[in-house]
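This report describes selected features of one protein model. The sequence and structure are shown first, and the account follows.

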Amino acid sequence: MKPNRERKLVLLFAGAVLLLIAAASLLASPSDDSDPSPTTYNSGAAGIKAAYLLLGDLGFNAARWEQPTSALATLDAPHTTLIFADPSVPPDKLPAVRADIAAFLHRGGRVLVTGDTSLLPGGALAPPTQPFQKLCLTTPEGRGPLARAGQVSLADHARWTAFTPLVQVAQWCGGDAVVVSYPVGAGTALWWSSTLPLTNQGLKDDPSLKLVLASVQNPIGQNPGSQNPTSPTSPNQPRPQILFDEYFHGVQTSLFDLTRGLPLAQIAWQTAAVALLLILSFGRRNGPIRLPVRLPRTSPIEFAESMGQLYRKAGATQAATESARHRLLHFLVTRCGIPRAVAQSDALAEALQSRLPGNWTALAHHLTQAAEAQYQSLAPRSALALVKALDHDLRTLTERTARPQLP
């Protein structure tokens, strides 16, 4: 292939790829962000996957908790923080769940619950006093870690009503307590009115990030009574463990759930288009190289058949008989020494017998028939029989002249 043609093909394929990329960017739909569940598997705005990954990068032992609350007894409570983000707990299981969480807190655990579900022992919730207000910029109160996060954007879905001397309100939304904490036994219980600061959307705000870090376990290396959040950890101190509840979200860790939200259809047809372009670009070059097969226009058999069809259509039997007659006369004159005039007369049989003993009457008769066929049209069958007879006579003469003559 000429270099110019190859260059044109490369440019053509490059242009096609650019067109596909441009079409994909214009026509591809954005990622599916319709999943409202606050789970660590959800990468949409309402998910909490960013917080799960961030805490792991910060050195916490972040993990997913996909077991019932009855299994909390197996955890190392003093070094574990359990997060329930808007849990969906069946009403008939609420008493048992509250009892399991209370036992975990009394053993020194830390529990953060968000939303309008009351799972904490001694907690009581009520509808907000300003239900029309979807988003609230909170007002911090006190000097605790939760209040030092600053003004946090928080949805006022519910308000805390169980006020006791141990309950510390860290954030207010108007007259509604939306962020509270209080000790339960050796542990700490925390409640937010919504999961917004923990979500992928809300975590981008600096106050929300500070609230998340203050609500989970004490920073690495900080003892409960320490005031320095950046003090190095002790070699013998276990890493703080943060468990994100997925049991009450009903999340199944299948491959389909992990790919939820991805534009799989767009990825599939773009991959197929690129694969097709690769096949068209390199399949021809990497294939076997050979010259194209050129079939001959005609073969000897085809030529003979074509000529026979032409003669048959024209009814030209004279040409066939005359050709066979001339071949036989030429052999009689050149090989047998018979004069042409004699070969075309009635004395041919006697003259040939004098040179080659035998009965040559049939040969002379065949020549006479061939001479008469010049002026009359023979049937194809008759012409074929005459040509065969003349060829037979020629073969007979050839064999007799090639055989040595005895004295």
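Helix H8 supplies six residues to the lining of the second largest pocket, the largest share from any element. In this predicted model, the elements that contribute two or more residues to that lining are helix H7 (300-314), helix H8 (317-334) and helix H12 (380-402). The lining of the second largest pocket comprises 15 residues, and those nearest its centre are Thr317, Ala320, Pro380, Ala383 and Leu384. Sorted by class, the lining has nine nonpolar, three polar and three charged residues. The volume of this pocket is about 330 Å³.

Helix H12 also holds Ala385. The C-alpha atoms of Ala385 and Thr321 lie 9.6 Å apart in space, although 64 residues separate the two in sequence. Ala385 has 47% relative accessibility and therefore counts as partly exposed, since that class lies between 20% and 50%.

A search of the whole structure for disulfides finds one. The bond joins Cys136 and Cys173, with 2.1 Å between their sulfur atoms. Distant parts of the chain are linked in this way: Cys136 belongs to strand E5 (residues 136-137) and Cys173 to strand E9 (residues 168-173), with the two positions 37 residues apart in sequence. The link of Cys136 and Cys173 is right-handed, with 130° about the S-S bond. Cys136 is buried because its relative accessible area, 4%, is under 20%. Cys173, at 2% relative accessibility, is buried by that cut-off as well. Cys336 is also buried, with a relative accessible area of 10%.

The table lists relative accessibility for residues discussed in this report.

| Residue | Relative accessibility | Class |
|---|---|---|
| Cys136 | 4% | buried |
| Cys173 | 2% | buried |
| Cys336 | 10% | buried |
| Asp86 | 31% | partly exposed |
| Ala385 | 47% | partly exposed |

Asp86 is found in the loop between strand E2 (80-85) and helix H3 (94-106). Its backbone is notable for a positive phi, near 45°, in a residue other than glycine. Asp86 is partly exposed because its relative accessibility of 31% falls between 20% and 50%.

Confidence remains to be considered. The average pLDDT of the protein is 81, and 82% of the residues score at least 70. Over residues 219-233, by contrast, pLDDT stays under 50. For this stretch the model has 21 contacts beyond four places in sequence. Where pLDDT is low, predicted coordinates should not be read in detail.

Conventions: Residues are numbered from 1 along each chain as its sequence is written. This is a predicted model: local features need pLDDT of at least 70, side-chain atom pairs count only at pLDDT 80 or more; totals for chains, interfaces and linings use all residues. Side-chain values use heavy atoms; hydrogens and water are left out. On a 1 Å grid over the protein atoms alone, a cavity is a set of points where a 1.4 Å probe fits but cannot get out, and a pocket is an open set with protein on both sides within 12 Å along at least five of seven lines; lining residues have an atom within 4 Å of a point. Grid points are joined across faces, edges and corners, and a volume is the space filled by probe spheres set on the points. Helices (H or I, at least four residues) and strands (E, at least two) are DSSP runs, numbered from the N terminus. Ala, Val, Leu, Ile, Met, Phe, Trp, Tyr, Cys and Pro count as nonpolar, Asp, Glu, Lys and Arg as charged, and the others, Gly among them, as polar. Buried means under 20% relative accessible area, exposed over 50%, partly exposed in between (1.4 Å probe, protein chains only). pLDDT is the predictor's confidence in each residue, from 0 to 100. Contact means heavy atoms within 4.5 Å. A disulfide is a pair of cysteine sulfur atoms within 2.5 Å.
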